[in-house]
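Hello, and thanks for asking me to look through this one. Here are my notes, as numbered points to read alongside the structure.

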Protein chains: 2
Amino acid sequence: MRGTLRADGERKRALIYDTALALFREKGFDATTMRDIAKSAGISLGSAYHYFPSKVAIVFAYYEEVQDAHEERVRKKLPRTDGLLERLTLVFETKLELVRRDRQLLGAIGATLVQPGNELSAFSVEGRDFLQRSVALFDAALEPLATTPEARRTMALLLWTAHLGMMLRLVHDDSRGQKRTKSLVSRALTMAVPLLQLAATPMGAGLLAQLRSLLEENGLMPLPEETLSEG
Amino acid sequence: MRGTLRADGERKRALIYDTALALFREKGFDATTMRDIAKSAGISLGSAYHYFPSKVAIVFAYYEEVQDAHEERVRKKLPRTDGLLERLTLVFETKLELVRRDRQLLGAIGATLVQPGNELSAFSVEGRDFLQRSVALFDAALEPLATTPEARRTMALLLWTAHLGMMLRLVHDDSRGQKRTKSLVSRALTMAVPLLQLAATPMGAGLLAQLRSLLEENGLMPLPEETLSEG
DNA sequence: CCAAGACTTTGAACACGTTCGAAATTGAAC
DNA sequence: GTTCAATTTCGAACGTGTTCAAAGTCTTGG
């Protein structure tokens, strides 16, 4: 049966994934070799490459899981959370808690994201879904703001950028429990909320509109319509 | 004579550096191997490693040169440049012009910067001089702003962060002459200048002070005094 | 001119990520 | 039950960045 075959494949892929992640966390990303992973999973080196095209691909699978978990947790708690600060804190802190212990893996992702011609970059078409899903969470958190959808989307993208900054800080944060990054998030959000509220007023509309067209031109905004597919 | 020895060493180092850079630009960073560099420079593989501890170390030498050139050009033209927008444009565009053609090398630098435990990161002590020198240029550009030195320094650091964003955009910018990044810089600065002027008023002072302490706590501001060396 | 020490050069060797062709296994069709 | 194509497994082999110990060269002091 084809289903069984597939399921077995999935199971093996999961085995490799779990083994790899355990080793990454135990010895670090660089110190864990593909041979380690294969041996520890009880398969051959070549077999591992049948399920993952590269070592970082395993980390990208991890990040996909992080993204899923982030979405799930935020969507669950967001309806019960009032206040802009509280809602934004929820999105940021949930993400932080999810990745806090895996700084080396974030570093590996960041390294490939910075490579020109990489398919998973924020600026690339392939990475766009990834980006948009993440931005959508910030957008949802901004719901209490009475403003236009476009303005909200723009602010959400700004927050996503800030969240990138959080990740960069995290990668280098050796403090116990990553309290430095935690404190950074909390204080930065306290500062950001009044600014966001200001931006949501008619006074901020002009600035946001400018910002939006800037981001659009650089492929960071979702395309408004799919009707522009001419060469 | 010891001097001669040193000079010869410098000359050889320069030869390796020049050869490597030419190859990087011709074939790309990844496609250029250390063996290529050694062969092309007419030396052995081991000898290359006598002058540069690693392949990226060559790229860091390149970036040091970029930094020097950036400083020199900006310092030369800044006194003759009036207006905040013009001064900031000078700093940003000079940098962009210097690195525009070397996106792959920037990617290699970025990749190691994102690695935890890296000595040259913006958050590490060893990289601090690098950061401070760069921030100082933005600080100088902000001179027309009538405000406190601390506020100016804070804004300079923000601009440096924006400049990091420019570099990230650049790495993925395939457009002819990197006009996308150029346009981004020009438009972003147009938006930024009024905001900076606003921040320089008493109204913005509170926000800037908060921001400053935030940045200080994360090791991004220069230490005010060296008198806190109690471990 | 020689000896000692420092600096420089060398290429073999190592460990790694990745590729590849061939062998083994599987499931479906008859 | 046999056959066949597809999938999966395997580990040798490749190219890479980097290390290292041994050999070579040069500088200095006598």
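1. Let me start at DNA strand C, where the side chain of A:Tyr49 has an N or O atom 3.0 Å from a phosphate oxygen. Please keep in mind throughout that this is a predicted model. A second residue of chain A, A:Lys55, also reaches the backbone of this strand, with a polar side-chain atom 2.7 Å from a phosphate oxygen. From chain B, the side chain of B:Tyr51 places an N or O atom 2.7 Å from a phosphate oxygen of DNA strand C.

2. Which elements give two or more residues to the surface near DNA strand C? They are helix 2 and helix 3 of chain A, along with helix 1 (2–27) and helix 3 of chain B. Helix 3 of chain B is the one that gives the most, with 4 residues.

3. Stepping back to the whole surface, 20 residues surround DNA strand C, and A:Lys55, B:Lys12, B:Gly46, B:Ser47 and B:Tyr51 come nearest. Of the strand atoms that come within 4 Å of the protein, 64% are sugar and phosphate. By class, this surface has 7 nonpolar, 7 polar and 6 charged residues.

4. Now turn to DNA strand D. Here A:Tyr51 has a polar side-chain atom 2.8 Å from a phosphate oxygen, and the side chain of A:Ser47 brings an N or O atom to 3.2 Å from a phosphate oxygen. A:Gly46 is worth a look for its base contact: a backbone N or O atom of this residue lies 3.4 Å from a base nitrogen of DNA strand D. Two or more residues of the surface near this strand come from each of helix 1 and helix 3 (45–51) of chain A, and from each of helix 2 (34–41) and helix 3 (45–51) of chain B.

5. Which helix supplies the largest share of the surface near DNA strand D? That is helix 3 of chain A, with 4 residues. In total, 19 residues lie around the strand, and those that come nearest are A:Lys12, A:Tyr51, B:Arg35, B:Tyr49 and B:Lys55. Sugar or phosphate accounts for 65% of the atoms of DNA strand D within 4 Å of the protein, and bases make up the rest. The residues of this surface divide into 6 nonpolar, 7 polar and 6 charged.

6. Next, the contact between the two protein chains. Chain B and chain A each put 31 residues into it, and together they bury about 2900 Å², 65% of it on carbon and sulfur atoms. On the chain B side, B:His172, B:Arg187 and B:Met191 lose the most area to chain A, together 22% of what that side buries.

7. How many salt bridges are counted between chain B and chain A? The count is 2. A:Arg187 forms a salt bridge with B:Glu217, and their closest N and O atoms are 2.6 Å apart. Across this interface there are also 8 residue pairs in polar contact. Helix 6 (103–113), helix 8 (149–171), helix 9 (179–199) and helix 10 (202–217) of chain B each bring at least two residues to the side that touches chain A. That side has 15 nonpolar, 11 polar and 5 charged residues.

8. Chain A itself is divided into domain 1 (1–52) and domain 2 (56–217). Taken over C-alpha atoms, the centres of these domains are 30 Å apart. Their contact involves 11 residues of domain 1 and 11 residues of domain 2. The area buried between the two domains is about 940 Å², with carbon and sulfur atoms giving 74% of it. In domain 1 of chain A, the residues that lose the most area to domain 2 are A:Tyr17, A:Phe29 and A:Phe52, together 54% of what that side buries.

9. Last, the polar side of that domain contact. There is 1 salt bridge between domain 1 and domain 2 of chain A, and 3 residue pairs are in polar contact. For the side of domain 1 that touches domain 2, helix 1 (2–27) and helix 2 (34–41) of chain A each supply at least two residues. The largest share, 6 residues, comes from helix 1 of chain A. The residues on that side of domain 1 divide into 8 nonpolar, 1 polar and 2 charged. For a pair to find in the viewer, try A:Arg25 and A:Asp102, whose side chains meet in a salt bridge (2.7 Å, N to O).

Technical notes:
Residues are numbered from 1 along each chain as its sequence is written. Chains are lettered from A and ligands numbered from 1 in the order in which they are written. This is a predicted model: local features need pLDDT of at least 70, side-chain atom pairs count only at pLDDT 80 or more; totals for chains, interfaces and linings use all residues. Side-chain values use heavy atoms; hydrogens and water are left out. Domain bounds come from an automatic or database domain assignment. Contact means heavy atoms within 4.5 Å. Buried area is the accessible area (1.4 Å probe) that two parts lose on being put together, summed over both. A salt bridge is a side-chain nitrogen of Lys or Arg within 4 Å of a carboxyl oxygen of Asp or Glu. A polar contact is a pair of N or O atoms within 3.5 Å; within protein, one must be able to donate a hydrogen and the other to accept it, and residues adjacent in sequence count only if both atoms are side-chain atoms. Ala, Val, Leu, Ile, Met, Phe, Trp, Tyr, Cys and Pro count as nonpolar, Asp, Glu, Lys and Arg as charged, and the others, Gly among them, as polar. A residue is near a molecule or strand if one of its heavy atoms lies within 4 Å of it.
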